[in-house]
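Work through the exercises below with the sequence and the 3D view at hand. Each task is followed by a solution in steps.

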Amino acid sequence: MAWERLYTNKLTGTGQSIDTGVAGITAKKHLRIEINVIQTGSSQNNIALRFNGDTGTNYPLRRSTNGAADSTFTTNYAFWYNGYGGSNTNRYAILDILNESSSEKLIIHNQVIFDSTGAGTAPTRIETVSKWVNTSAQITDVELNSGQFDAAGLFGIGTEMTIFGTD
């Protein structure tokens, strides 16, 4: 299985979103989305994703933070959400997606969050399993948003989203 880079965008200024756009990406059975968020110093930055412009509450998930008990979110959001918002921190996330047209899109997400400098503070980890419930199309458009699509938030300069795919 050879991965092909389908999309990459790195912000040269602060911004609220990175979007593959309507032209989107080539449909592939397996997707990997890598996100590197750089803080702005003054604005919260979350990782919220919307697939193919779907604004329905079609993104249920199960999440654990630092190995604690799971939390579930089934009808909360009209977008995929990492669940560790409201903070202004650097973060790095990887989402692996099984992107079959006729099945719900299964997602495994791992994220590390910078909390403070020095060896005395371990980073925060987020582990999420989720799905996008669409069963009629593959993901071909991905929008990353810093403010949960309904709130203000800015990514810092250098924030980057890269999408890889393979069949």
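Two strands pair if DSSP finds at least two bridges between them; strands (E, at least two residues) are DSSP runs, numbered from the N terminus. This is a predicted model, in which local features need pLDDT of at least 70, side-chain atom pairs count only at pLDDT 80 or more, and totals for chains, interfaces and linings use all residues. Residues are numbered from 1 along each chain as its sequence is written, and side-chain values use heavy atoms, with hydrogens and water left out.

**Exercise 1.** Find how many bridges join S4 to S11, and place both strands in their sheet.

Solution. Step one: S4 and S11 run antiparallel and are joined by 4 bridges. Step two: across from Phe51, in S11, stands Val142. Step three: the open sheet has 4 strands, ordered S2-S11-S4-S7, with antiparallel pairing. Step four: S2 and S7 each pair on one side only, which makes them the edge strands.

**Exercise 2.** Describe the pairing of S3 with S8 and with S12, then sort the residues of S3 by face.

Solution. Step one: 8 bridges link S3 and S8 in the antiparallel sense, and Val37 has Arg91 as its bridge partner in S8. Step two: S3 and S12 are also antiparallel, with 7 bridges; here Glu34 is partnered by Thr162 of S12. Step three: the covered face of S3 holds Leu31, Ile33, Ile35 and Val37, while His30, Arg32, Glu34 and Asn36 form the uncovered one. In a regular strand the side chains alternate between the two faces of the sheet.

**Exercise 3.** Identify the strand that gives the most residues to the largest nonpolar core.

Solution. Step one: a nonpolar core is a set of buried Ala, Val, Leu, Ile, Met, Phe, Trp, Tyr and Cys residues joined through side-chain atoms within 4.5 Å. Buried means under 20% relative accessible area, exposed over 50%, and partly exposed in between (1.4 Å probe, protein chains only). Step two: the largest such core has 27 residues, and those with the most contacts (heavy atoms within 4.5 Å) inside it include Ile33, Ile35 and Phe51. Step three: strands supplying at least two residues each include S1, S3 and S4. Step four: S3 gives the most, with 4 residues.

**Exercise 4.** Decide whether Thr12 is buried or exposed, and do likewise for Thr89.

Solution. Step one: Thr12 sits in the loop between S1 and S2. Thr12 has a relative accessible area of 75%, so it is exposed. Step two: Thr89 belongs to the loop between S7 and S8. Thr89 is buried because its relative accessible area is 10%. Step three: residues that Thr89 touches include Val37 and Phe114, not counting residues up to four places away in sequence.
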